[in-house]
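Let's take a walk through a protein together. Have the sequence and the 3D view open as you read, and look up each residue when it comes along.

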Amino acid sequence: MAYRKEAEQRISISHDRYQRMFNSSFLGITVTDINGQILNANDKWAEMTLYDHDELLNMKIFDILSPESKAAGKVEFKKLRDKDVQDIVLERKYTRKDGSIFWGQLYMTSIRDPETKASNFLGMVHDITEKRLQREAAERAEAMMIHQARQAAMGEMLGNIAHQWRQPLNNLGLIIANIEDAYKYDDLDDQGLFDASHRAKSLIRQMSETIDDFQDFLSPNMDTESFNLEDMLDNVVEMIQDNLNINKITLVRTGRVSGIVEGQKNQLAQAIFNLINNAVDATVSSETEKREIIIRTQMREKQLGEGPIYTASIQVEDHAGGVPENLLHNIFDPYFTTKPKNKGTGLGLYITKSIVENTFNGSVSLTQTPMGPYLKLKFL
Ligand SMILES: Nc1ncnc2c1ncn2[C@@H]1O[C@H](COP(=O)(O)OP(=O)(O)OP(=O)(O)O)[C@@H](O)[C@H]1O
Ligand SMILES: [Mg+2]
């Protein structure tokens, strides 16, 4: 008899211990049957959902899921019930009794009840609302920055188109004026008209190609493609050529490589475009003697286990003195600019860095030389 009493006591102590653990957990814990009916819930879960224990025991676990999580929640639950999966690890949105919401990281697994031998589900939820909201805010800010950078790039593009069109537009005007004159003075023969119209058509074709080039460059094409590094650079330089001419800057290309790179071409073009633009801005404002920008490309073959891999680098160099020492650790920050308000958004280098790191798995570095800085993109 005494023996039995002792055993009962031991069980009771162990039950208490279990109950205390269950309730003092910082996770919300529930046990449900295979239909989602709540059989047990700990204090934390009651605190998280604002329902008291009695209310919870009359509810199904889905009742606490917020409407947009409900359908998906049931699907996952069914997978567990049908033993398609061993456990569920998911982020879920829940609605509290007062209608407010919280985000939870849910771990759910099936357990066997030692008494009834029935299969039950044990769910543990960690409140991640704060983390989730921070992440959403960061994602929104990132999308906003990309949008602004795009707008800025469009503005620059428009400026470039204006540059590139000015000359052919002038020429078209002259051709038309010449035709009028010739007509007025009865000096317009077939050949003259034919030549003039031929020249005009070719100018119009040139202007139309400019638009195509820019449109191509700005298209949000996210497809991965194989492209020739130098051809891509040729395109970028072509687009910026008028800007270089107007500012009397020479662009030198060295180390030309015939490397093929895999990735999002337009993105990389934009990354380089930002570097060249910075070099142009620096050269123009520094009034350096050496109005020269150098683009240096390199491609190295590395023997790595299964076969060769290639690392490419593109370096944009100017002779305008570089970045002041005290600003060096800021230049890649979003919105950091030393330019007047309508000249710079401060997103150029930030975007370049994020493109190279995120889409090309590469790195960006700045090195100062006595002549000026060079910014180097390295990627696989
Ligand atoms: N080649 C360079 N020489 C000197 N300073 C540079 C050079 N490239 C960047 N910087 C400095 O880094 C800052 C940030 O460059 P970033 O390209 O991010 O923005 P921005 O050029 O000011 O504006 P945006 O590119 O949006 O038009 C610049 O304002 C400038 O002070
Ligand atoms: Mg810039």
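What follows is a tour from the domains to the cores, the ligand and a few single residues.

First, some housekeeping. This is a predicted model, in which local features need pLDDT of at least 70 and side-chain atom pairs count only at pLDDT 80 or more, while totals for chains, interfaces and linings use all residues. Residues are numbered from 1 along each chain as its sequence is written, and chains are lettered from A and ligands numbered from 1 in the order in which they are written.

Start with the broad layout. The protein chain splits into domain 1 (2-127), domain 2 (132-208) and domain 3 (221-380); these bounds come from an automatic or database domain assignment. Taken over C-alpha atoms, the centres of domain 2 and domain 3 are 26 Å apart. Where these two domains touch, 9 residues of domain 2 are in contact with 11 residues of domain 3 (in contact means that the C-beta atoms of two residues, placed from the backbone, lie within 7 Å). On the domain 2 side, you'll find 4 nonpolar, 4 polar and 1 charged residues. Here Ala, Val, Leu, Ile, Met, Phe, Trp, Tyr, Cys and Pro count as nonpolar, Asp, Glu, Lys and Arg as charged, and the others, Gly among them, as polar.

Now for the inside. In soluble globular proteins, nonpolar side chains tend to be buried together. A residue is called buried if 20 or more other C-beta atoms lie within 10 Å of its own, exposed if 12 or fewer do, and partly exposed in between, with C-beta atoms placed from the backbone. A nonpolar core is then a set of buried Ala, Val, Leu, Ile, Met, Phe, Trp, Tyr and Cys residues joined through C-beta atoms within 7 Å. The largest one here has 30 residues, and Ile272, Ile276, Ile293 and Val316 have the most contacts inside it. Among the elements giving two or more residues to this core are helix 7 (229-246), helix 8 (265-286), strand 9 (292-304) and strand 10 (307-318). Helices (H or I, at least four residues) and strands (E, at least two) are DSSP runs, numbered from the N terminus.

Which helix gives the most to this core? That's helix 8, with 9 residues. Val316 makes a good place to look around: leaving aside neighbours within four places in sequence, its contacts are Leu275, Ile276, Ala279, Ile293, Ile295, Tyr374 and Leu375. There is also a second, separate core of 12 residues, which includes Ile38, Trp45, Leu56 and Phe102.

Stay with helix 8 for a moment. Of its 22 residues, 16 are buried, so the helix is mostly covered. From first C-alpha to last, helix 8 reaches 32 Å, close to the 32 Å expected at 1.5 Å a residue (the expected span is 1.5 Å times one less than the number of residues). Just after helix 8, Glu287 takes a positive phi of about 55°.

Helix 8 turns up again around ligand 1. This ligand is surrounded by 22 residues, the closest being Asn278, Thr337, Gly344, Gly348 and Leu349; a residue counts as near if its C-beta atom, placed from the backbone, lies within 6 Å. By class, the shell has 11 nonpolar, 9 polar and 2 charged residues. Helix 8 supplies the largest share, 4 residues, and both helix 8 and helix 9 give two or more.

Next, visit the loop between strand 10 and helix 9, where Phe332 lies. Phe332 counts as partly exposed because it has 16 C-beta neighbours inside 10 Å. Apart from neighbours within four places in sequence, Phe332 is in contact with Leu349, Tyr350 and Lys353. Tyr335 lies in the loop between strand 10 and helix 9 too. Is Tyr335 buried or exposed? With 11 C-beta neighbours inside 10 Å, Tyr335 is exposed. Tyr335 also has a positive phi of about 70°, although it is not a glycine.

Finally, hop back to helix 4 (residues 67-81). Its 15 residues should span 21 Å at 1.5 Å a residue, and its end C-alpha atoms are indeed 21 Å apart. The buried residues of helix 4 are Ser69, Gly73 and Phe77, and strand 3 (87-95) is included in what covers them. Just after helix 4, Lys83 takes a positive phi of about 60°.
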